[in-house]
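This report is meant for a reader who is meeting the structure for the first time. It starts with the overall fold and then turns to charged pairs, covered helices and a few single residues.

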Amino acid sequence: MQQKIKTGLVLEGGAMRGMFTAGVLDVMMKNGIDFDGAIGVSAGAAFGCNIKSRQPGRVIRYSTKYCTDWRFSSWKSFFKTGDLYGAEFCYKTIPYELDPMDFETFDKNPMEFYGVCTNVETGKPYYHRFSNGMGKDMYYFTASASMPLVSQIVEVDGKKLLDGGVADSIPIKFWEHKGYNKNVVVLTQPLGYVKNPNKLLPLIKVRYKEYPDFVSSVRNRHIRYNKTIDYIREKELKGELFVIRPPKALEIGGMEHNPDELRRVYEIGIKTMESKLEDLKKYLN
């Protein structure tokens, strides 16, 4: 009996490297490329959700418009709220008021959409399936993108959560276990990138001394990451996975206030996806 094909999309995080992903997804949406399911980590979830709400252009629009607003991302935000990326502004003011997410379309779109968080108490990944994008879903979006040391721990449904990238930066194996067998992975680092141990581990140990399993997860993150990259590359070379990655290091900081820099990285995403569009269509079909 032939196995049913389930197309999946896996989106790596990377803070403002996520503008590359935004460009990639906008080209996909404008060319009618859909998936049965998608899963995003950190910026991959916060930006990737627009593929479910079918809103091409939204990420680059609000990012360039508000990147100079201290409430969006700044040390002022960190010292005033405990979050480098202002949770109230980014996950309430923008999606509900300033540049609304199309929650109705998000809800009606049959595509499954998951986000990855890290459970601070266990150090393990928590995979949340979003429903309509509102209410508790917004807390999970916040948690998935809440980087250690510069974000408050997000408490939702009895769980203490932070950045999903700590526990599962590129959740391809989870996605395969969910039955997705025709997958596209969007990375935000170029071919050959190797993650190094976290230089801030001494600070992590102090800040999260109550959570030794989380500290352990941070300590070993680079090992898991590099193994996952090797797994992805192996499957890519066999034609069992379609990978989209930037041609070279994007060289953009985790906090960027120059809209031209955001557009630069976004345009790299657009050009990269346009160059791979026909190959992607053949792979999916």
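What follows describes a predicted model, beginning with the protein as a whole.

## The protein as a whole

The protein has 12 helices and eight strands, and its C-alpha atoms fill a box of roughly 50 × 40 × 35 Å when this is taken along the principal axes. A compact globule of 285 residues would have a radius of gyration near 19 Å, and because the protein has 18 Å, its value agrees with that expectation. Among the contacts in the protein with a separation of 6 or more, 73% are accounted for by residues 24 or more positions apart.

Of the 285 residues, 56% count as buried. The protein exposes about 13,200 Å², and carbon and sulfur atoms supply 51% of that area. As for charge, there are 42 positive and 34 negative charges, and the mean positions of the two sets are 3 Å apart.

## Salt bridges

Side chains of opposite charge can pair when their charged atoms come close. How many salt bridges does a search of the whole structure find? The search finds 15 salt bridges, and the table sets out three of them.

| Pair | N to O distance | Location |
|---|---|---|
| Arg58 and Asp99 | 3.7 Å | helix 3 and the loop between helix 5 and helix 6 |
| Glu88 and Lys92 | 3.7 Å | helix 5 |
| Lys108 and Glu104 | 2.9 Å | helix 6 |

The side chains of Arg58 and Asp99 meet in a salt bridge, and this pair links distant parts of the chain, since Arg58 lies in helix 3 (residues 58-66) while Asp99 lies in the loop between helix 5 (87-98) and helix 6 (103-108), 41 residues apart. Arg58 and Asp99 are both buried, and together with Arg61 they are linked in a network of salt bridges.

The other two pairs in the table each sit within one helix. Glu88 and Lys92 are four residues apart in helix 5, about one turn of the helix, and Lys108 and Glu104 are likewise four residues apart in helix 6, again about one turn. An α-helix has 3.6 residues a turn, so residues three or four places apart point the same way. Glu88 has a relative accessible area of 51% and is therefore exposed, whereas Lys92, at 36% relative accessibility, counts as partly exposed. In the helix 6 pair, both Lys108 and Glu104 are exposed.

## Two covered helices

Helix 3, which holds Arg58, is largely enclosed by the rest of the structure, because seven of its nine residues are buried. These buried residues are Arg58, Val59, Ile60, Tyr62, Ser63, Thr64 and Tyr66. Which helices do the buried residues of helix 3 pack against? They pack against helix 1 (18-30), helix 2 (43-48), helix 5 and helix 12 (259-284).

Helix 7 (residues 136-144) is also mostly covered, with seven of its nine residues buried. The buried residues of helix 7 are Asp137, Met138, Tyr140, Phe141, Thr142, Ala143 and Ser144. Asp137 is 97 residues from Glu234 in sequence, and the two are 34 Å apart in space, C-alpha to C-alpha. Glu234 lies in helix 11 (residues 221-237) and, because its relative accessible area is 45%, it is partly exposed.

## Asp83 and Phe78

Asp83 is found in the loop between helix 4 (75-81) and helix 5. Asp83 is buried yet has no salt bridge, and the nearest side chain of opposite charge, that of Arg207, is 8.7 Å away. A salt bridge needs a nitrogen and an oxygen within 4 Å. Leaving aside neighbours within four places in sequence, Asp83 is in contact with Ser77, Phe78, Val150, Ser151 and Gln152.

One of these contacts, Phe78, is found in helix 4 and counts as partly exposed because its relative accessibility is 22%. When residues up to four places away in sequence are not counted, Phe78 touches Asp83, Leu84, Leu149 and Val150. Val150 is thus in contact with Asp83 and with Phe78. Ser131, by contrast, is 53 residues from Phe78 in sequence and 30 Å from it in space, C-alpha to C-alpha.

Definitions and conventions
Residues are numbered from 1 along each chain as its sequence is written. This is a predicted model: local features need pLDDT of at least 70, side-chain atom pairs count only at pLDDT 80 or more; totals for chains, interfaces and linings use all residues. Side-chain values use heavy atoms; hydrogens and water are left out. The radius of gyration is taken over C-alpha atoms; the globule rule is 2.2 Å times the number of residues to the power 0.38. Buried means under 20% relative accessible area, exposed over 50%, partly exposed in between (1.4 Å probe, protein chains only). Contact means heavy atoms within 4.5 Å. Accessible areas come from the Shrake-Rupley method with a 1.4 Å probe; for residues, only the protein chains shown count as cover. Lys and Arg count as positive and Asp and Glu as negative; His and the chain ends are not counted. The place of a charge is taken as NZ of Lys, CZ of Arg, CG of Asp or CD of Glu.
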